[in-house]
Amino acid sequence: MGKHLPLRSVLYFLSAFLWTHPLAADEKFSIGEQKAKTCMTCHGEDGISSIESYPNLRGQKMAYLITALRSYQTRERSGGLAVLMQQQADALSDQDISDIAYYYSKLGVQEQRQ
Ligand code: HEC
């Protein structure tokens, strides 16, 4: 009987590893997607904007998105249409920025894998 315990533990940890990791990632993706609803009015439902002067966000690098949003908050990015984004960025917490940046960085990439 004692022999079964280690095997069971190994299986438990294996399944825990296999299941929690993709799930944790998908959870951040869905949370980001929920938080990005307001962004979609300008940046498009699929992260591709239909307005020439509004940028696409789909598949953009996560670190770049975070830096961009922080720069709107600090007003390092200003002038032109940046004022639109400053208001948007002000409403976001660091956690929101992380979740939304994750979502847009995986958008497109994630869909092709599923
Ligand atoms: C009212 C329309 C509008 C909304 C809503 C909006 N944006 Fe924007 N966004 C813009 C415009 C316009 C720009 C270009 C601003 C500029 O010239 O700096 C921009 C730029 C950006 C950039 C910089 C892109 C780059 O390539 O440098 C990021 C990142 C961004 N938006 C993220 C978001 C996120 C995240 C949200 C939702 C929380 C959001 N935006 C909501 C209009 C909008």
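**Reading a six-helix model around its ligand**

Q: Of the 22 residues around the ligand, which come nearest?

A: Cys 39, Cys 42, Ala 68, Leu 81 and Ala 82 come nearest, out of 22 around the ligand. Keep in mind that you're looking at a predicted model.

Q: Which helices supply at least two residues of that shell?

A: Try going helix by helix. H2 (37-43), H3 (62-73) and H4 each supply at least two residues. H2 gives the most to the shell, with five residues.

Q: How do the shell residues divide into nonpolar, polar and charged?

A: Sort them by side-chain class, and the shell around the ligand comes out as 15 nonpolar, six polar and one charged.

Q: Let's zoom out. How many helices and strands does the protein have?

A: Six helices and zero strands. From the N terminus on, the elements simply run α-α-α-α-α-α.

Q: What percentage of the 114 residues is buried?

A: Buried residues make up 17% of the 114. Contacts tell you something else about the fold: take those between residues at least 6 apart in sequence, and 62% of them join residues at least 24 apart.

Q: Which residues have the most contacts inside the largest nonpolar core?

A: The general idea first: in soluble globular proteins, nonpolar side chains tend to be buried together. Here, the largest nonpolar core has 13 residues, and Leu 69, Ala 89, Ile 97, Ile 100, Tyr 103 and Tyr 104 have the most contacts inside it. H3, H4 and H5 (94-106) each supply at least two residues of this core, and H5 brings the largest share, five residues.

Q: Which residues of H5 are buried?

A: Ile 97, Asp 99, Ile 100, Ala 101, Tyr 103, Tyr 104, Ser 105 and Lys 106. Follow Tyr 104 outwards and, leaving aside neighbours within four places in sequence, you find it in contact with Ala 36, Gly 47, Leu 57, Arg 58, Gln 60 and Leu 65.

Q: Why is Met 85 called buried?

A: Count the C-beta atoms around a residue; 20 or more others within 10 Å make it buried. Met 85 has 21, so it is buried. This residue lies in H4 (residues 82-90). Its C-alpha is 8.0 Å from that of Leu 69, although the two are 16 residues apart in sequence.

Q: And Gln 60: why is that one partly exposed?

A: The in-between class covers counts above 12 and below 20. Gln 60 has 17 other C-beta atoms within 10 Å, so it counts as partly exposed. You'll find Gln 60 in the loop between H2 and H3. Not counting residues up to four places away in sequence, Gln 60 touches Leu 65, Tyr 104 and Ser 105. The C-alpha atoms of Gln 60 and Leu 107 are separated by 8.6 Å, with their positions 47 residues apart along the chain.

Q: How does the span of H3 fit with 1.5 Å a residue?

A: The trick is to multiply 1.5 Å by one less than the number of residues. H3 has twelve residues and should therefore span 16 Å; its end C-alpha atoms are 17 Å apart, which agrees. For H5, with 13 residues, the reach from first C-alpha to last is 18 Å, close to the expected 18 Å.

Q: What is the phi of the residues that follow H3 and H5?

A: Look at the sign. Arg 75, following H3, has a positive phi near 70°. Gly 108, following H5, also has a positive phi, near 95°.

Key: Residues are numbered from 1 along each chain as its sequence is written. This is a predicted model: local features need pLDDT of at least 70, side-chain atom pairs count only at pLDDT 80 or more; totals for chains, interfaces and linings use all residues. Helices (H or I, at least four residues) and strands (E, at least two) are DSSP runs, numbered from the N terminus. A residue is near a molecule or strand if its C-beta atom, placed from the backbone, lies within 6 Å of it. Ala, Val, Leu, Ile, Met, Phe, Trp, Tyr, Cys and Pro count as nonpolar, Asp, Glu, Lys and Arg as charged, and the others, Gly among them, as polar. A nonpolar core is a set of buried Ala, Val, Leu, Ile, Met, Phe, Trp, Tyr and Cys residues joined through C-beta atoms within 7 Å. Two residues are in contact if their C-beta atoms, placed from the backbone, lie within 7 Å.
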